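Here are a few exercises to work through with the model open in your viewer. Try each task before you read its solution.

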Amino acid sequence: MASQTTILKVGMSCQGCVGAVKRVLGKLEGIESYDIDFDAQKVTVKSNLPPETVLQTISKTGKKTAYWEAEAPAEPEAKPAEAVAAA
């Protein structure tokens, strides 16, 4: 599988949280590199693993983990329409 970048939002409240994320990523085979931005709560992982595997691995730390929402211009426009339809 080709190398790809997975960007996740991880709820880290202290340096211990950062350490926990580093620990699980360090044990995971197939990781090429990773970057942890504590202030932005953002973890960028370059690997040849499926994004789901990376997400599940970081979730095992007990931290709230989700995919980083891509800032696609189509998405914000679609959300108000969904809110109106649901109302």
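**Exercise 1. Work out whether Val24 is buried, partly exposed or exposed, and find what surrounds it.**

Solution. This is a predicted model, so every value here is computed from predicted coordinates. Start with the area: the relative accessible area of Val24 is 21%. Buried would need under 20%, and exposed over 50%, so Val24 ends up partly exposed. Next, place the residue: Val24 belongs to helix H1. Now look for its partners beyond four places in sequence: Val24 is in contact with Thr57, Ile58 and Thr61. Finally, check a backbone distance: the C-alpha atoms of Val24 and Lys60 are 8.2 Å apart, though their positions lie 36 residues apart along the chain.

**Exercise 2. Find the strands that pair with E1, and say who sits across from Leu8 in each.**

Solution. Take E3 first. Strand E1 (residues 4–10) and strand E3 (residues 42–47) run antiparallel and are joined by 6 bridges. On that side, Leu8 has Val43 as its bridge partner. Then turn to strand E4 (residues 65–67), which pairs with E1 in the antiparallel sense through 3 bridges. Here the residue opposite Leu8 is Tyr67. So Leu8 has Val43 in E3 and Tyr67 in E4.**Exercise 3. Describe the largest nonpolar core and trace the contacts of Val43.**

Solution. Begin with the size: this core holds 16 residues. Val10, Met12, Val21, Leu25, Val43 and Ile58 have the most contacts inside it. Next, ask where the residues come from: E1, helix H1 (15–27), strand E2 (31–37), E3 and helix H2 (51–59) each give two or more. H1 supplies the largest share, with 4 residues. Now pick Val43 and skip residues up to four places away in sequence. Val43 then touches Thr6, Ile7, Leu8, Val10, Met12, Val21, Leu25, Asp35, Ile36 and Ile58.

**Exercise 4. Check the phi of Gln41 and say where this residue is found.**

Solution. Keep the usual pattern in mind: most residues other than glycine have a negative phi. Gln41 has a positive phi, near 60°. As for its place, Gln41 is in the loop between E2 and E3.

**Exercise 5. Count the aromatic pairs, then find what lies over the face of Trp68.**

Solution. With ring centres required to lie within 6.5 Å, the count is 0 aromatic pairs. For Trp68, look at Lys42: Lys42 lies over the ring face, 4.7 Å from the ring centre.

How values were computed:
Residues numbered from 1 in each chain as written. Predicted model: local features only at pLDDT ≥ 70, side-chain atom pairs only at ≥ 80, totals over all residues. Heavy atoms only, no water. Pairing = 2+ DSSP bridges. Core = buried A, V, L, I, M, F, W, Y, C linked by side-chain atoms within 4.5 Å. Buried < 20%, exposed > 50% of the residue type's maximum accessible area, 1.4 Å probe, protein only. Contact = heavy atoms within 4.5 Å. Phe/Tyr/Trp six-rings, centres within 6.5 Å; stacked < 30°, edge-to-face > 60°. Lys NZ or Arg CZ within 6 Å of the ring centre and 35° of its normal.
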